[in-house]
Amino acid sequence: MSDWYWFSENNRLMLSMGKEWQCTTAFGQQQIIDLPKSKQLFNLTDTECYLTFANHLIDSGGQFSDAQLTHILINATAATMFHKPVSPKSWFFDEIESFGFHHRLARVSNKINSGVVLVLTDEHSLATCMLISSKLQLNENKTLNQFDLIKLAKTRLAPLLADTSSQLTA
């Protein structure tokens with residue numbers, strides 16, 4: 001990963017992964033604390049974050065293609081390293097009696113539908129999560145798109161266990 005670096009293009013956060021491949025993250029200037037003005041090396045902290053999330057997702061038993069897994073990991077790392085804090089929005093989701101998360105994966109549900117999230121940070125009674133399902137309708141007017149962040153009370157997170165995560169696709 002020594003030739004990987006963050007940069008911005010068209011007000012979007014990007015990651016160059018060598019000469020062969022570049023990835024546009026889901027995050028633009030509005031969501032990022034400081035959009036890199038020039039090349040910013042993918043450093044040891046970025047690498048540790050990337051590999052930690054990789055281990056969680058691989059251990060989850062979810063069925064991801066290599067491309068899906070890489071895209072999720074890049075966006076999770078970008079969100080952890082660059083995203084502005086988000087405020088809690090627990091009221092969009094049903095409370096779960098047996099709550100928590102497993103391998104940092106959880107299911108969130110409301111009256112309209114449900115989706116799978118990756119827990120990025122775990123803070124006391126709240127968790128900042130990234131949607132890894134393709135889309136999640138919050139209400140009649142609001143939708144979360146893949147890789148959008150949301151902060152929730154942990155009582156809204158249903159653990160996604162290995163036997164159910166085998167049905168998971170990004």
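**Exercises on helix α1 and the nonpolar cores**

At the start of α1, the backbone nitrogen of T45 lies within 3.0 Å of a side-chain oxygen of N43. Helices here are DSSP runs (H or I, at least four residues), and strands are E runs of at least two, numbered from the N terminus. The model is predicted: local features need pLDDT of at least 70, side-chain atom pairs count only at pLDDT 80 or more, and totals for chains, interfaces and linings use all residues. Residues are numbered from 1 along each chain as its sequence is written, and side-chain values use heavy atoms, without hydrogens and water.

**Exercise 1.** Compare the expected span of α1 with its end C-alpha distance.

*Solution.* Take 1.5 Å times one less than the number of residues. For the 17 residues of α1 that should give 24 Å; the end C-alpha atoms are 24 Å apart, which agrees. Just after α1, G61 takes a positive phi of about 85°.

**Exercise 2.** Sort residues of α1 into buried and exposed (under 20% and over 50% relative accessible area, 1.4 Å probe, protein chains only).

*Solution.* D46, T47, C49, Y50, F53, A54, L57 and S60 are buried. They cover an arc (directions from the helix axis to the C-beta atoms) of only 160°, so they sit on the same side of α1. L44 and I58, on the other side, are exposed.

**Exercise 3.** Find which residues L120 touches (heavy atoms within 4.5 Å), leaving out those up to four places away in sequence.

*Solution.* The list is F53, A76, A79, T80, R104, T128, C129, M130 and L149.

Methods:
Polar contact = N/O pair within 3.5 Å; in protein donor to acceptor, adjacent residues only side chain to side chain.
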